[in-house]
Amino acid sequence: MDWWVNSVFMSAIAICCSLVLDALFGEPKKWHPLVGFGNVVYWLEEKINTPASRDTSKSKIKGSVAWLLVIFPFVGGVFWIVSWVSGSSSLWGFFFQVAILYLCIGQKSLLEHANWIHQPLKAGDLAEAREKVGWIVSRETEQMSEYQITSAAIESVLENGNDAVFGTLFWFVLLGAPGAVLFRLTNTLDAMWGYKNDRFNSFGFIAAKADDVMGYLPAKATAVSYAILGNTKQSMECWKAQAQACSSPNGGPVMTSGAGSLNIRIGGPAMYHGKMHNKIHMGSGELAKPEDIPRACRLVLRTSLLWCGALI
């Protein structure tokens with residue numbers, strides 16, 4: 001029991017240190033490991049997911065093998081280094097885990113992107129706001145209204161709060177730095193391969209399912225946290241009534257709970273890859289306004305503080 005308590009406490013201290021580093025420095029501007037990982041993933045997919053092999057019986061097998069090839073060398077390498085460093089010095093092992101977690105989380109970057117959308121919206125510059133929101137969403141932005149831009153930004157903040165921050169922290173507590181790396185790379189692969197189109201429908205099947213499985217518990221914990229820090233009753237009601245109608249099994253609870261907590265409505269029809277998707281409205285209250293973007297960002301920040309405090 002004492003070992004478990006000490007482990008959780010050290011995880012809490014490591015999380016606090018990593019969040020402070022992220023708040024001070026943000027993501028590395030050059031040589032970010034996730035960028036290098038993305039380049040490797042893109043190269044490998046182009047080599048083996050050829051047009052002739054798509055939507056064949058072997059496509060899912062190729063996707064599964066590719067997933068293993070790009071995930072486990074990185075996770076295994078981190079596990080080996082953690083074991084080696086911790087064996088020689090527990091202090092250096094702690095520092096290494098803090099550094100890895102810092103590289104895995106992207107809270108400051110997420111909030112900066114949201115602010116880059118909010119500033120032109122506040123100034124009435126829809127053209128620039130459309131350009132900035134296009135950096136973080138996969139939907140078409142050319143004809144977006146002010147509400148659609150605002151909603152897309154808030155959806156991204158709430159959902160990526162789980163994907164880029166809280167899911168990573170969750171798996172760090174369970175499995176240390178290797179767990180954080182495993183979750184972050186799994187989520188990155190889903191973002192690159194998890195599309196339901198001709199190119200990735202079969203090849204990216206395992207990447208999408210792995211992300212659903214690893215994100216299931218963190219998404220629920222994030223949704224509960226969002227509810228605690230706002231309109232709790234309304235948040236839980238929105239989650240219960242609306243989440244199942246969302247296309248993402250993990251994004252649904254997070255976005256419906258977050259919108260309900262903030263007492264706003266987000267979502268609605270959106271254009272993806274030339275096709276209109278009739279997404280439901282999530283949350284309750286008035287349609288989201290530009291000034292609700294900073295409120296969503298503050299909800300993510302307060303959730304980080306809640307998790308650190310709860311662990312300590």
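Here is a short walk through some rings, strands and a helix in this structure, which is a predicted model.

**Stop 1: two tryptophans on a helix**

Start by selecting residues 59-88, which make up helix α3, and pick out Trp 80 and Trp 84 on that helix. The two sit 4 residues apart, about one turn of the helix. Why would such neighbours line up? An α-helix has 3.6 residues a turn, so residues three or four places apart point the same way.

The whole structure holds 11 aromatic pairs. In the pair made by Trp 80 and Trp 84, the ring centres are 6.1 Å apart and the planes meet at 5 degrees, so this pair counts as stacked; the limit for stacking is under 30 degrees. Are these rings buried or exposed? Trp 80 is exposed, at 56% relative accessibility, and Trp 84 is exposed too, with a relative accessible area of 56%.

**Stop 2: an edge-to-face pair**

Now select Trp 193 and Phe 203. Their rings are edge-to-face, with 4.9 Å centre to centre and 65 degrees between the planes. Trp 193 belongs to helix α7 (residues 146-193), while Phe 203 is in the loop between α7 and α8 (205-228), 10 residues along the chain. Both Trp 193 and Phe 203 are buried.

**Stop 3: a cluster, and lysines over rings**

Next, show Trp 92, Phe 94 and Phe 95, which form one aromatic cluster.

Then try two lysines. Which ring does Lys 60 lie over? Select Phe 205: Lys 60 lies over its face, 4.1 Å from the ring centre. For another example, go to Tyr 216, where Lys 220 lies over the face of the ring at 3.7 Å from its centre.

**Stop 4: strand β1 and its partners**

Switch to cartoon view and colour strand β1, residues 264-267. β1 pairs with strand β5 (residues 286-287) in the parallel sense, over 2 bridges. To see one contact, select Ile 264 and its bridge partner in β5, Glu 286.

β1 also pairs with strand β4 (residues 281-283), this time in the antiparallel sense over 3 bridges. Here, look at Ile 266, which stands opposite Met 282 in β4.

**Stop 5: helix α11**

Finish at residues 292-311, helix α11. This helix has 20 residues and reaches 29 Å from its first C-alpha to its last, close to the 28 Å expected at 1.5 Å a residue. Which residues of α11 are buried? Among them are Ile 293, Ala 296, Leu 299, Val 300, Thr 303 and Trp 307. Turn on their side chains and follow them along the helix.

Definitions and conventions
Residues are numbered from 1 along each chain as its sequence is written. This is a predicted model: local features need pLDDT of at least 70, side-chain atom pairs count only at pLDDT 80 or more; totals for chains, interfaces and linings use all residues. Side-chain values use heavy atoms; hydrogens and water are left out. Rings of Phe, Tyr and Trp (its six-membered ring) pair if their centres lie within 6.5 Å; planes under 30 degrees apart count as stacked, over 60 as edge-to-face and the rest as tilted. Buried means under 20% relative accessible area, exposed over 50%, partly exposed in between (1.4 Å probe, protein chains only). A charge sits over a ring if NZ of Lys or CZ of Arg is within 6 Å of the ring centre and within 35 degrees of the ring normal. Two strands pair if DSSP finds at least two bridges between them. The expected span of a helix is 1.5 Å times one less than its number of residues.
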